[in-house]
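Q: I'm new to this structure and would like a close look at one part of it, the small sheet in chain A. Could you walk me through that, and then show me what lies around it?

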Amino acid sequence: MEEKAKDIITDEQQEYIINIGPQHPSTHGVMRLVVSLKGEFVLNVEPHIGYIHRGIEKMCESLTYPQIIHLTDRMDYLSAHINNEAVCLAVEKALEVDIPDRVKVIRTLMSELTRIQSHELFWASYGMDLGGQTCYFYGLRDREMVLDIFEETTGGRMIVSYNCPGGVMYDLHPNFRKRVKEFIKHFRKVLPEYDDILTNNVIFHGRTVGIGPLPLKEAIAYGITGPSGRASGFSCDVRKHEPYSAYDRVKFNEVLFTEGDSYHRYLARVEEMRESMDIIEQLIDNIPEGPYAVKMKPVIKLPEGEYYQRVETARGELGVFIISDGNKLPYRVKFRTPNFANLSVLNHLVKGFKIADLIAIFGSLDFVIPDIDR
Amino acid sequence: MPFDIYDFTSFTKWIDTSLENAMSPFWTTVTEMAIAGVLFILFYAVVGLFLVYAERKVCAFVQNRLGPNRLGPYGIFQTIADLIKLLFKELIPIKNADRFLFNLAPYIVIIVNFMVLGAIPYAKGLHAIDFNIGIFYIIAVSSMSVIGVLLAGWSSNNKYSLIGAMRSGAQIVSYELSVGLSLITMVIFAGSMQLSVIVEAQRTGWFIFKGHIPAFIAFVIYIIAGTAETNRGPFDLAEAESELTAGYHTEYSGIKFAFFYLAEFINMFIVASIAATIFLGGWMPFHIGTWEGFNRIMDFVPPFIWYLGKTFFVIWVIMLFKWTFPRLRIDQLLTLEWKYLLPINLVNVLIMAFIVLMGWHF
């Protein structure tokens with residue numbers, strides 16, 4: 001009898017399966033992780049996606065190109081502007097339009113502001129994932145200033161929809177330059193505060209250093225891009241390798257680490273905020289004069305063919321692939337979203353770590369769930 | 001009626017004798033117990049509500065916010081409104097839960113709180129039970145609250161709750177050692193376990209000043225271990241919002257949830273009270289050597305205020321911990337206890353014993 005009981009309780013049956021999500025404070029959205037535990041240790045994680053699938057790619061097939069731009073806001077809502085830019089660049093590339101310098105600089109400035117506010121929210125929510133709830137309010141306090149800048153110029157705070165094929169919707173607000181300078185001044189002052197409260201904290205080090213290490217080879221194999229990939233030493237910054245907009249005329253460093261653990265994924269983002277500020281400072285005083293948009297045809301028809309444009313969002317490489325049959329509607333649109341690719345590595349990273357580390361790793365990959373599901 | 005705000009001994013004596021004159025000894029005891037019980041329930045509710053308010057304000061202060069400010073001046077009625085809401089909320093019955101244990105768990109936590117509150121000296125003569133083994137009693141009773149937490153986690157039929165309860169079990173049992181040992185250090189120093197004697201011994205100077213470095217080390221360890229024992233951040237693994245949603249009380253609603261919530265705050269109050277009583281002189285005023293004028297002014301402040309002031313100072317420190325630090329992981333938590341705090345504590349006890357043996361203390 002005793003032996004029989006032993007047979008029944010095999011390792012597999014001792015697994016303790018819990019659902020993290022779809023409604024859970026640390027998945028930052030509707031995502032379900034089926035986690036098999038053995039005690040506190042994670043044996044396996046199975047992400048179930050699709051809770052916020054809206055069929056954006058399919059919807060694109062029945063919308064004109066200017067309309068598609070507004071859908072892309074809803075993918076990675078924290079990099080809304082950069083998503084818009086990607087579609088615009090693809091369309092402009094197909095039509096071979098010459099974009100004025102002013103537009104390029106405006107787009108770059110807005111992209112970098114977007115990147116800063118996205119990383120600020122990452123910093124805030126990562127602190128909260130690890131239990132330091134004060135971080136959240138510090139992060140949101142400073143993010144508010146960027147959102148105010150967006151609101152003044154574009155009318156939207158998060159979902160800006162500022163781009164249109166050929167340029168931007170309207171000119172910069174007269175206050176823009178002043179407010180951006182104020183923000184940079186303020187942010188340079190408070191970034192050391194961020195380091196005091198989280199980066200240099202002993203408990204934070206204990207929670208993140210060496211947790212979920214991702215070697216360079218595996219980062220490339222899984223296609224991990226963005227700060228998460230660069231923390232492993234994968235030089236994948238599209239802004240550097242394939243400059244678009246005004247990135248070819250600014251100097252900035254690609255933040256690269258080799259360790260690839262949660263701590264360095266976090267650090268890569270904090271450092272990127274500094275680099276973004278450098279980029280903004282280089283451009284803010286030399287915004288060229290000129291038109292803020294090129295006059296485009298009322299109905300935009302892309303010539304027959306396939307077009308691909310990639311950009312660097314706050315989370316990694318976003319690819320826009322458009323197949324056109326010469327109509328005003330695209331034949332097929334495919335988005336290569338960074339979060340979807342980054343999610344694939346999750347199970348590989350968390351195996352053997354504890355349930356608290358799962359949260360630390362999940363947080364450090366900085367997911368935006370609607371971007372995974374599209 | 002001999003009422004003296006500086007010494008309640010004669011006042012309580014007067015109540016006792018007038019009751020004894022009116023009824024038999026048995027009923028006197030019953031009446032006195034009833035009076036003390038009602039007073040403690042009132043005290044419990046008031047302190048609980050105040051601490052919830054204080055926590056919100058401290059947390060708002062740390063986080064660049066204002067905190068509650070709508071209901072009454074400075075939002076002081078906010079917690080009362082919240083309590084009324086919790087009282088009227090539906091108690092959701094859980095499927096497949098162990099009903100009896102599920103309902104019992106919050107009461108165990110609350111009862112343990114009351115048992116400890118009774119043994120704390122609030123002012124001279126204001127002391128419900130003055131044991132000669134007061135500290136031993138407090139250590140013994142306060143560790144019983146883990147039973148309530150474990151029962152809550154087990155009976156909820158929720159996997160998150162169970163993980164939270166198991167963590168909390170490991171945590172409280174471990175940190176109980178550090179709390180006990182750091183208190184024992186001071187017991188060796190004071191030479192008594194009776195709390196009134198310990199407070200009286202601090203008339204000439206608080207133990208944290210009198211007790212050389214070992215007393216200070218014991219104080220620091222006590223604060224760390226006490227924070228851990230109350231399941232507060234950065235040791236709030238049992239709740240761990242971002243991992244386990246709400247840990248062991250995930251499934252509780254309405255007033256039963258409020259019990260757990262209040263118990264957490266009262267636990268913090270108890271930890272702070274004991275720290276104030278044993279290390280910071282309890283209700284004793286602050287005196288500096290031979291400064292007659294200064295000491296006279298300090299004596300003028302009622303002992304109860306001294307006691308509350310010290311307690312709330314310690315509570316404030318514990319609150320700042322929570323709002324500043326990220327959370328530890330379970331293995332780091334246990335490492336901290338078993339590999340660092342416990343050995344330091346043991347050595348500390350030895351040093352203290354040696355100092356007392358050689359008569360080196362003041």
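A: Let's start with what pairing means here: two strands pair if DSSP finds at least two bridges between them. Keep in mind that the model is predicted.

With that in hand, chain A has an open sheet of 3 strands in the order β1-β2-β3, and the pairing is antiparallel. The edges are taken by β1 and β3 of chain A, each with a single partner strand, so one side of each has no neighbour in the sheet. From one strand to the next, the twist averages 20°. As background, strands of a sheet pair through backbone hydrogen bonds, in either a parallel or an antiparallel way.

Now zoom in on β2 and β3 of chain A. Strand β2 covers residues 32-38 and strand β3 covers residues 41-48; they run antiparallel and are joined by 7 bridges. You can pick out individual pairs if you like: A:S36 stands opposite A:N44 in β3(A), and A:V34 has A:E46 in β3(A) as its bridge partner. These two strands form a hairpin with 2 residues between them, and there A:G39 takes a positive phi near 70°.

What about β1 of chain A? That strand, residues 16-20, brings us to the other chain, as it gives two or more residues to the side of chain A that touches chain B. In total, 25 residues of chain A are in contact with 23 residues of chain B. Besides β1, the elements of chain A that give two or more residues to this side are α5 (101-129), α6 (134-154), α8 (202-208) and α15 (355-364). The largest share comes from α8(A), with 4 residues. Sorted by kind, the residues on this side of chain A are 11 nonpolar, 9 polar and 5 charged.

One of those contributors, α5(A), deserves a stop of its own. At 1.5 Å a residue, its 29 residues should span 42 Å, and the end C-alpha atoms are indeed 42 Å apart, which agrees. As for its surroundings, 27 of the 29 residues of α5(A) are buried, so this helix is largely enclosed by the rest of the structure. Just after α5(A) you'll find A:G131, with a positive phi of about 100°.

Next, the nonpolar cores. The largest has 141 residues, and the members that touch the most others are A:L358, B:M186, B:F269, B:A272, B:A275 and B:F279. Helix α12 of chain B, residues 254-278, gives the most to this core, with 16 residues. Leaving out residues up to four places away in sequence, B:F279 touches B:M186, B:W206, B:F207, B:I208, B:A215 and B:F219. There's also a second, separate core of 49 residues, which includes A:A86, A:V146, A:V160 and A:F335.

To finish, here are two residues from elsewhere that aren't buried. A:G305 is in strand β6 (residues 305-313) of chain A. This glycine has 11 C-beta neighbours inside 10 Å, so A:G305 counts as exposed. A:G305 and A:G326 are 21 residues apart in sequence and 7.8 Å apart in space, C-alpha to C-alpha. Over in chain B, B:L104 is found in helix α4 (residues 99-117), and with 16 C-beta neighbours inside 10 Å it counts as partly exposed. B:L104 and B:V46 are 58 residues apart in sequence and 24 Å apart in space, again C-alpha to C-alpha.

Methods: Residues numbered from 1 in each chain as written. Chains lettered and ligands numbered in written order. Predicted model: local features only at pLDDT ≥ 70, side-chain atom pairs only at ≥ 80, totals over all residues. Contact = placed C-beta atoms within 7 Å. Nonpolar A, V, L, I, M, F, W, Y, C, P; charged D, E, K, R; others polar. Axes fitted to C-alpha atoms, helices over the stretch in contact; angles between N-to-C directions. Expected span 1.5 Å × (residues − 1). Buried ≥ 20, exposed ≤ 12 C-beta atoms within 10 Å, placed from the backbone. Core = buried A, V, L, I, M, F, W, Y, C linked by C-beta atoms within 7 Å.
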